[in-house]
Amino acid sequence: MRPIIMEQVDELNQLEKGMVALYRQVAARIGVSDTEFWVLYGLFIQGGSCTQSEICDRWSLPKQTVSSAVSGLVHKGIIRLEPVPENRNRKYILWTQEGMDFCRERLDGIYSSQMRALSFMTDEERQSAIDILGKYLSHLRIELET
């Protein structure tokens, strides 16, 4: 018989992979790659303006991967780049008009679905889930980085 902690590690990993798979399906359904989805979602959450660095930091994505996704989205006409005045090496990611329409048509619905799914939990349950997952991630990061 396996110790309960081994079963719990497996369950946590399965849940994480399930969420990754779900968002991969969502990205495919709206016609973008996984990383393009997280760039667009990050831009959506930030109110339509953020930098590539902010996307990388917030969503734990590699700079080169985000850079490639941003280039693809610029090519598709969904976003545009504008230099940050105080640092010309950094650029703001901004919606184009087509991107705003894309956001309204696709991302609003995804965000609303997330909100409805979370509404089935109490405030305390939501906060507890966030706190516990954050604590687990923090400890796991320490363990894996040593």
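This report describes the fold, the nonpolar core and the largest pocket of one protein chain.

**Overall fold**

The model is predicted. The chain has 146 residues, and 25% of them count as buried. It holds 6 helices and 3 strands. Along the sequence these elements run α-α-β-α-α-β-β-α-α. The C-alpha atoms fill a box of roughly 55 × 35 × 25 Å along the principal axes. The accessible surface comes to about 10,200 Å². Carbon and sulfur atoms own 57% of that surface. Among contacts with a separation of 6 or more, 47% join residues 24 or more positions apart.

**The nonpolar core**

In soluble globular proteins, nonpolar side chains tend to be buried together. Here the largest nonpolar core has 27 residues. Those with the most contacts inside the core are Phe37, Val39, Leu40, Ile79, Trp95 and Leu107. H1, H2, H3, H4, S3 and H5 each give two or more residues to this core. The largest share, 6 residues, comes from H2.

Take Val39 from that list. Beyond four places in sequence, Val39 touches Ile55, Val66, Ala69, Val70, Leu73 and Ile93.

**A buried threonine**

Thr51 sits in strand S1, which covers residues 49–51. Its relative accessible area is 4%, so Thr51 counts as buried, the cut-off being under 20%. Setting aside neighbours within four places in sequence, Thr51 contacts Val84, Arg90, Lys91, Tyr92 and Ile93. Ile93 is thus a contact of Thr51 and also of Val39.

**The largest pocket**

About 2,100 Å³ of space lies in the largest pocket. It is lined by 39 residues. Met19, Tyr23, Trp38, Trp59 and Leu133 are the closest to its centre. By class, the lining divides into 25 nonpolar, 7 polar and 7 charged residues.

Five helices each supply at least two residues of this lining, as the table shows.

| Helix | Residue range | Lining residues supplied |
|---|---|---|
| H1 | 4–30 | at least two |
| H2 | 34–45 | at least two |
| H3 | 52–59 | at least two |
| H5 | 97–118 | at least two |
| H6 | 123–145 | at least two |

Helix H1 gives the largest share of the lining, 12 residues. H1 also gives two or more residues to the nonpolar core. Helix H2 appears in both places too: it supplies at least two residues of the pocket lining, and it provides the largest share of the core.

How values were computed. Residues are numbered from 1 along each chain as its sequence is written. This is a predicted model: local features need pLDDT of at least 70, side-chain atom pairs count only at pLDDT 80 or more; totals for chains, interfaces and linings use all residues. Side-chain values use heavy atoms; hydrogens and water are left out. On a 1 Å grid over the protein atoms alone, a cavity is a set of points where a 1.4 Å probe fits but cannot get out, and a pocket is an open set with protein on both sides within 12 Å along at least five of seven lines; lining residues have an atom within 4 Å of a point. Grid points are joined across faces, edges and corners, and a volume is the space filled by probe spheres set on the points. Helices (H or I, at least four residues) and strands (E, at least two) are DSSP runs, numbered from the N terminus. Ala, Val, Leu, Ile, Met, Phe, Trp, Tyr, Cys and Pro count as nonpolar, Asp, Glu, Lys and Arg as charged, and the others, Gly among them, as polar. Buried means under 20% relative accessible area, exposed over 50%, partly exposed in between (1.4 Å probe, protein chains only). Contact means heavy atoms within 4.5 Å. Accessible areas come from the Shrake-Rupley method with a 1.4 Å probe; for residues, only the protein chains shown count as cover. A nonpolar core is a set of buried Ala, Val, Leu, Ile, Met, Phe, Trp, Tyr and Cys residues joined through side-chain atoms within 4.5 Å.
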